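Biologist: Please take one part of this model and look at it closely. I would like the sheet, strand by strand, and whatever sits around it.

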Amino acid sequence: MNVDLFDFALPPERIALRPAAPRDAARMLVVTPEGLADRIVSDLPAQLRSGDLLVFNDTRVIPAQLEGTRGVAAIGATLHKREGARRWRAFVRNARRLRDGDAIDFGHGVTATAHDRGEDGSWALEFAGDEPVELLLERAGRMPLPPYIAGKRDTDARDADDYQTMFAAEPGAVAAPTAALHFTPALLASLAQAGVDHATLTLHVGAGTFLPVKAEDTADHRMHAEWGRIDAATAARLNAVRGRGGRVIAVGTTSLRLIESATDADGMIQPFEGDTSIFITPGYRFRGIDGLMTNFHLPRSTLFMLVSALMGLERMQAAYAHAIAQEYRFYSYGDASLLLP
């Protein structure tokens, strides 16, 4: 499909720079085949059915943004995928100043050697020493806010909490599964009272999620791989919910993509551990999920293509036009949509 079909004009003032407070006070646009409804996130229990199950991504964002030097050259690095115990693939700013084998000093006693420049311009960084890389990042790194926020303000102490979901447990993401940022313990309790259960899986979100689609046709776009895991017990729970007539609602496109990667042709969700580079565009047949709660996405992005595949391009174009006209807040710290096909 032509990527231009997924374009729309978004006024820059619609980009949220801080999350709603409290988190479940964010607005929520409910999209169904019957139409659109303006709600807030705390209304979610009334929008779902007893027996439904929400699936959250329990990945934890690491401070993966690094600033360093190679000689007199300033080098910026955003880690996006672990390749080994001490080796991470990274997108590098000022990469033209790097050669294979160059050492980068990130300060605070943290250095790494650049190797193996990829076709996408990324480098593999091998961290020196024997301390766990997670400890090195705690010293030298900062929270990797999306470029559309970082370009408008500096990262600060609030982001260490604001950009982490209440489910964050498994370190490894360089971007938050932002739909889950809307959830609070009080909202989970209300959902449980309404008969709506929840489960977790792990997908370590990579910086590739922010890369623009440069191809003119979706068939020519290459997705970056991300590592994920669904254990056998969780897969069995999800299958049991659907088997008794409940719905599996993914919270976030990361949860959805992993579930769909793990679902076989018969609609059974299988245990899964490994990389996925699934790319979902209109025409895709969903097999493992029955709905999606997600934020509002960038024009021409793979994520807007995904929601268009779930609900139909024309319906999502109308939903986004409504959201813009009604001054919904967009992107990672923005408002939510609940998509029930």
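What follows is a walk across the sheet from one edge to the other, with a stop at the cavity.

Modeller: Keep in mind that this is a predicted model.

Start with the overall layout. The sheet is open and has 9 strands. Their order is E2-E1-E17-E16-E14-E3-E12-E13-E15. The pairing is mixed. E2 and E15 (272-276) are the edge strands, and each of them pairs on one side only. On average, neighbouring strands are turned by 25 degrees against each other, with direction ignored. As a reminder, strands of a sheet pair through backbone hydrogen bonds, either parallel or antiparallel.

Now the E2 edge. E1 covers residues 27-32 and E2 covers residues 35-40. These two strands run antiparallel to each other, with 6 bridges between them. A hairpin of 2 residues connects E1 to E2. One bridge can be picked out by name: Arg 27 has Ile 40 in E2 as its partner.

Stay with E1 and look at Thr 32. Thr 32 belongs to this strand. Is Thr 32 buried or exposed? Its relative accessible area is 17%, and buried means under 20%, so Thr 32 counts as buried. Which residues does Thr 32 contact, beyond its neighbours within four places in sequence? They are Met 311, Arg 315 and Leu 340.

Cross to the other edge. Here E13 (residues 226-230) pairs with E15. This pairing is antiparallel too, over 5 bridges. Arg 229 stands opposite Glu 273, which lies in E15. A helix also packs on the sheet: H6, residues 232-243. H6 touches four strands, namely E3 (53-57), E12 (197-203), E13 and E14 (248-251). The direction of H6 makes about 135 degrees with that of E12.

Last, the empty space. Rolling a probe the size of a water molecule over the atoms shows where such space is left. Searching the whole structure turns up 1 cavity of 30 Å³ or more. The volume of the largest cavity is about 60 Å³. Which residues line the largest cavity? Pro 19, Ala 20, Arg 23 and Ala 26 are among them. Leu 181 and His 182 also belong to the lining. Ser 332, Tyr 333 and Gly 334 complete the list. By character, the lining divides into 5 nonpolar residues, 3 polar and 1 charged.

Methods: Residues are numbered from 1 along each chain as its sequence is written. This is a predicted model: local features need pLDDT of at least 70, side-chain atom pairs count only at pLDDT 80 or more; totals for chains, interfaces and linings use all residues. Side-chain values use heavy atoms; hydrogens and water are left out. Buried means under 20% relative accessible area, exposed over 50%, partly exposed in between (1.4 Å probe, protein chains only). Contact means heavy atoms within 4.5 Å. Two strands pair if DSSP finds at least two bridges between them. On a 1 Å grid over the protein atoms alone, a cavity is a set of points where a 1.4 Å probe fits but cannot get out, and a pocket is an open set with protein on both sides within 12 Å along at least five of seven lines; lining residues have an atom within 4 Å of a point. Grid points are joined across faces, edges and corners, and a volume is the space filled by probe spheres set on the points. Ala, Val, Leu, Ile, Met, Phe, Trp, Tyr, Cys and Pro count as nonpolar, Asp, Glu, Lys and Arg as charged, and the others, Gly among them, as polar. Axes are lines fitted to C-alpha atoms, for helices over the stretch in contact, and angles run from 0 to 180 degrees between N-to-C directions.
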